[in-house]
Amino acid sequence: MTKVDAAYGRSPASGIAQRIKGLFSRSGRMTVQPSRVASVDHISPDFTLIRLEGELFRAGQWTAGDKIQLAVAPGPIGRTYTPLSWNRQRGVAEVLVYLHGDAPGCDWARRLTAGQDLQVVGPRPSIALNALEQPTILFGDETCFGLALALHNLPGAANIRYIFEVGDAAQTESVLTSLGLHNALLYERRPDDSHLEAIGNEWDRLASGAGSLVLAGKASSIQFVQRANRASSARIHQVKTKAYWAPGKRGLG
Ligand SMILES: Cc1cc2nc3c(=O)[nH]c(=O)nc-3n(C[C@H](O)[C@H](O)[C@H](O)COP(=O)(O)OP(=O)(O)OC[C@H]3O[C@@H](n4cnc5c(N)ncnc54)[C@H](O)[C@@H]3O)c2cc1C
């Protein structure tokens with residue numbers, strides 16, 4: 001493992017090193033680690049599954065729900081993703097990138113090919129999925145499929161209810177099914193957010209009997225579901241939240 005500053009051949013005090021720290025992470029002592037792209041699978045028009053390999057994935061202490069940051073463009077520009085799997089024996093991890101538009105992370109994933117080198121920061125804690133009261137409800141969007149699959153892949157995880165707001169239900173269903181997630185409830189996004197009203201109206205039924213709630217994805221949708229949960233007679237008390245993105249904000253970490 002190389003300290004972030006040393007990885008770029010600069011003294012810790014140099015401007016470039018500080019910029020790398022700032023771009024990759026707001027935390028102080030981060031490490032940038034070299035890895036390699038083992039394979040790239042454009043599984044649908046909007047989703048790319050990337051397998052990464054390297055010593056980091058053998059040595060790194062990963063808990064399901066942790067995040068990694070990838071250098072997606074020179075600068076470097078870092079973007080945050082959630083490994084859906086992490087195999088220490090084989091030294092590989094997988095991330096699923098949602099191609100939401102024209103942006104550095106999306107452009108990088110579209111152009112990526114197997115064999116490319118890649119700088120990675122992490123893993124770092126984000127949403128710990130290993131101590132949830134069951135059954136769990138996970139609400140999110142396309143950016144949370146990695147998180148959902150990490151939860152789905154946990155030994156002993158059972159009775160998880162997945163609720164996603166998505167742009168294209170047909171495409172999403174086929175992507176999730178191909179990755180082994182068969183029982184997700186999909187609400188197609190509407191410009192006036194009336195799909196969220198529908199989730200709110202059904203929350204008593206959706207939340208009934210659940211022990212924990214994981215909320216990730218778009219910041220305002222998380223807030224909406226949080227309010228619906230608080231107001232519900234079936235209120236879930238163990239709640240974990242993490243905003244993955246918000247309109248106009250770039251590269252949330
Ligand atoms: C802890 C954590 C884990 C994450 N895990 C994943 C993951 O596994 N897979 C994944 O695909 N994403 C994940 N994300 C979300 C991802 O980091 C963001 O979507 C990020 O903005 C993508 O970078 P970009 O370069 O594509 O867009 P940016 O340059 O960051 O953003 C450009 C513009 O696009 C908007 N935007 C960003 N995301 C979306 C979106 N989903 N839909 C519509 N507009 C958007 C921004 O608000 C901004 O206006 C995670 C984020 C966090 C914080």
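Which strands and which helix each supply at least two residues of the shell around the ligand? Select strand E5 (77–81), strand E7 (92–98), helix H4 (104–111) and strand E13 (238–245): each of them does. Helices (H or I, at least four residues) and strands (E, at least two) are DSSP runs, numbered from the N terminus.

**Before you go on**

This is a predicted model, where local features need pLDDT of at least 70 and side-chain atom pairs count only at pLDDT 80 or more, while totals for chains, interfaces and linings use all residues. Residues are numbered from 1 along each chain as its sequence is written, and side-chain values use heavy atoms, with hydrogens and water left out.

**Stop 1: the shell**

Select the ligand and the residues near it (a residue is near if one of its heavy atoms lies within 4 Å). You should find 27 residues around the ligand. The closest are Arg-79, Thr-80, Gly-105, Ala-246 and Gly-251.

Now colour the shell by class. It has 13 nonpolar, 9 polar and 5 charged residues. Here Ala, Val, Leu, Ile, Met, Phe, Trp, Tyr, Cys and Pro count as nonpolar, Asp, Glu, Lys and Arg as charged, and the others, Gly among them, as polar.

Highlight E13 next. The largest share of the shell, 4 residues, comes from this strand.

**Stop 2: two domains**

Colour domain 1 (3–124) and domain 2 (129–245) separately. Domain bounds come from an automatic or database domain assignment. Why does the ligand lie between them? Both domains give residues to its shell, so the ligand lies between the two.

**Stop 3: polar contacts**

Look for polar contacts with the ligand (pairs of N or O atoms within 3.5 Å).

- Select Tyr-98: a backbone N or O atom lies 2.8 Å from a ligand oxygen atom.
- Select Thr-143: a backbone N or O atom lies 3.5 Å from a ligand nitrogen atom.
- Select Trp-245: an N or O atom in its side chain is 3.4 Å from a ligand nitrogen atom.

Taken alone, the ligand exposes 930 Å², and the protein buries 90% of that. Such areas come from the Shrake-Rupley method with a 1.4 Å probe.

**Stop 4: the loops**

Leave the ligand and select Pro-76, in the loop between strand E4 (67–73) and E5. The peptide bond from Gly-75 to Pro-76 is cis, with omega near -5°.

Go on to Pro-135, in the loop between strand E8 (117–124) and strand E9 (136–140). The bond from Gln-134 to Pro-135 is cis, with omega near -5°.

Finish at Asn-159, in the loop between helix H5 (145–152) and strand E10 (161–166). Its phi is near 55°, a positive value in a residue other than glycine.

Notes:
A polar contact is a pair of N or O atoms within 3.5 Å; within protein, one must be able to donate a hydrogen and the other to accept it, and residues adjacent in sequence count only if both atoms are side-chain atoms.
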